[in-house]
Amino acid sequence: MNILKRITQFAQNEPERICFIHRDEQMTFGELERLSSGLSKMIEQSQKPIFVYGHMSKWMLVGMIAGLKSGNGYVPIDTSIPMDRISKMIEVIEPDFMLDAEESRPAFNGTLIQPVDVQPSEESVIHITAQDVAYTIFTSGSTGTPKGVEILASSLDEFTNWMESLYDHQNENYWLNQAPLSFDLSVMAVYPSLVTGSALVMIDKDMIKKPIEIYNVLKQYPISAWVSTPSFLEMCLLLPEFEQSSHPNLKYFYFCGELFKHKTAQTLFNKFSESYIYNTYGPTEATVAVTGIQVTQEVLNTFNPLPVGAARPGVEIAISESSEILIKGDAVSIGYVKSPEKTSAQFYEEDGQRVYRTGDAGELKDGYLFVNGRLDFQIKLNGYRMELEEIEHVISEIKGISQAVVTPIEKNGKVSYLVAHIVKADDVTNDDIKEALSATLPTYMIPKKFVAHDVIPMTPNGKVDRKQLKEESL
Ligand code: AMP
């Protein structure tokens with residue numbers, strides 16, 4: 001596996017180079033190499049992926065690299081995942097080993113490895129081959145049972161190479177990672193950071209609750225690359241001194257996982273006009289991201305909403321007759337673990353290549369892919385079909401509104417009315433918003449209620465927490 005070889009090279013040539021930073025904890029490439037080799041030896045005899053449980057600790061990284069070296073792969077489990085959900089994942093995978101990075105001893109019948117049990121080893125053996133599963137990341141299933149998406153080592157290599165092609169080394173290389181390691185957006189920071197010999201700077205959930213701590217991290221380390229959801233960025237745009245002059249090293253921004261709003265992109269571009277800002281798109285089932293576009297001022301002037309770009313090398317994008325985005329190529333997962341029915345509902349083969357049905361609505365225009373929300377995000381209200389994201393887009397374009405999320409309120413299984421959750425300037429009234437909306441939207445698309453928030457709640461992954469907003473509106 002190419003990326004493992006490259007990480008090992010840094011460990012051999014510059015063992016003292018820092019590869020990981022979280023609060024007071026740091027790790028060098030040499031340490032990562034020795035600890036992961038030691039752990040890999042402990043788990044080699046298993047045929048199952050290792051569960052790596054914890055939050056932003058260096059041991060998560062040790063467990064992940066050990067899982068790769070052993071040839072078994074890994075399943076990252078963030079502490080934000082509830083225990084009964086973890087039990088379901090254990091039922092599916094039946095792992096032999098779990099590394100408990102937090103020393104919080106989750107319920108587990110196999111061998112629970114604590115950090116103190118890991119003996120460093122100088123002997124590095126790489127067992128994984130291109131066709132082995134590198135990691136399995138669980139995504140939510142509509143039935144409540146999480147689905148384990150298996151990603152091959154070759155797909156991870158290919159993805160990392162692409163990311164690296166979008167990054168030029170800076171004087172100092174620090175990659176900021178916001179996403180929990182159980183969310184595949186983190187893959188976009190972890191491996192590109194490691195293969196470029198950079199230090200990965202982790203943002204944890206407590207920092208997200210207290211954004212001033214993020215400000216402190218940004219002051220302390222000259223971050224050069226930023227990987228986050230757009231929602232996380234929107235929160236950071238409110239931080240003091242969040243602009244190029246205060247962060248001259250910060251030249252690369254990569255976003256994925258959610259719609260990157262034009263207004264957010266323009267605000268970021270105004271603050272960091274010398275940086276390269278990428279909007280990328282993809283589901284966990286196709287190795288993080290399969291399309292990307294650099295959002296320049298010209299792109300901002302030409303498109304609103306923004307496109308998600310063109311397919312990366314090795315990937316083909318097609319649109320089905322029902323407007324669904326289809327992804328074809330080696331980036332596509334081999335399917336959901338032990339779930340042949342769910343796998344065949346979403347995946348198929350064409351010309352010897354894997355294809356994934358995304359469930360996203362999209363169109364190809366001017367050589368770019370545009371994502372038009374989830375196919376199942378369309379709702380019907382009083383017989384009218386509409387896209388909630390379209391309404392959100394129109395509201396967030398209004399002056400004085402910085403964020404908008406629309407939730408449908410259902411009664412007796414039918415959508416009864418819409419609620420708009422907004423972050424707005426004090427002088428903007430609901431009447432102003434309704435008036436502005438009536439100029440662009442038909443009356444039936446205008447939400448009945450507007451609820452102002454200081455900040456829009458986020459899920460542990462850093463996406464908008466629609467479920468919480470919906471519950472709050474009831
Ligand atoms: P996940 O598997 O959690 O990474 O979620 C993938 C889904 O997030 C995709 O299927 C899209 O619905 C959405 N998504 C990801 N990136 C973008 C983007 N750049 N713009 C709009 N939606 C996105």
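## Salt bridges and a ligand shell

Let's start with one side chain: Lys328 has a relative accessibility of 10%, so this lysine counts as buried. Keep in mind that we're looking at a predicted model.

What does Lys328 pair up with? Its side chain meets that of Glu350 in a salt bridge, at 3.0 Å from N to O. This pair ties together distant parts of the chain: Lys328 belongs to strand β17 (residues 324–329) and Glu350 to strand β19 (residues 347–350), with the two residues 22 apart. Glu350 is partly exposed, at 36% relative accessibility.

Elsewhere, some bridges share partners, and that joins Arg23, Asp204, Lys210 and Glu213 into one network. Within that group, Lys210 forms a salt bridge with Glu213, and the closest N and O atoms are 3.4 Å apart. Is each end buried or exposed? Glu213 counts as buried at 16% relative accessibility, whereas Lys210 counts as partly exposed at 49%. The cut-off for exposed is over 50%, so Lys210, at 49%, doesn't make it.

Then there's Lys209, which has a salt bridge to Asp206 with the closest N and O atoms 3.9 Å apart. Both sit in helix α7 (residues 205–209), and because they are three residues apart there, about one helical turn separates them. Lys209 is exposed, with 65% relative accessibility, and Asp206 is partly exposed at 42%. How many salt bridges does the structure hold? The count is 17.

Now for the ligand. It is surrounded by 15 residues, and the closest are Gly257, Thr280, Thr284, Asp360 and Lys463. Strand β13 (residues 276–281) gives the most to this shell, contributing three residues. Sorted by class, the shell is an even split: five nonpolar, five polar and five charged residues.

Here are three side chains with polar atoms by the ligand:

| Residue | Distance from a polar side-chain atom to a ligand oxygen atom |
|---|---|
| Thr284 | 2.7 Å |
| Asp360 | 2.5 Å |
| Lys463 | 3.1 Å |

How much of the ligand does the protein bury? Taken alone, the ligand exposes 500 Å², and the protein buries 85% of that.

Technical notes. Residues are numbered from 1 along each chain as its sequence is written. This is a predicted model: local features need pLDDT of at least 70, side-chain atom pairs count only at pLDDT 80 or more; totals for chains, interfaces and linings use all residues. Side-chain values use heavy atoms; hydrogens and water are left out. A salt bridge is a side-chain nitrogen of Lys or Arg within 4 Å of a carboxyl oxygen of Asp or Glu. Helices (H or I, at least four residues) and strands (E, at least two) are DSSP runs, numbered from the N terminus. Buried means under 20% relative accessible area, exposed over 50%, partly exposed in between (1.4 Å probe, protein chains only). A residue is near a molecule or strand if one of its heavy atoms lies within 4 Å of it. A polar contact is a pair of N or O atoms within 3.5 Å; within protein, one must be able to donate a hydrogen and the other to accept it, and residues adjacent in sequence count only if both atoms are side-chain atoms. Accessible areas come from the Shrake-Rupley method with a 1.4 Å probe; for residues, only the protein chains shown count as cover. Ala, Val, Leu, Ile, Met, Phe, Trp, Tyr, Cys and Pro count as nonpolar, Asp, Glu, Lys and Arg as charged, and the others, Gly among them, as polar.
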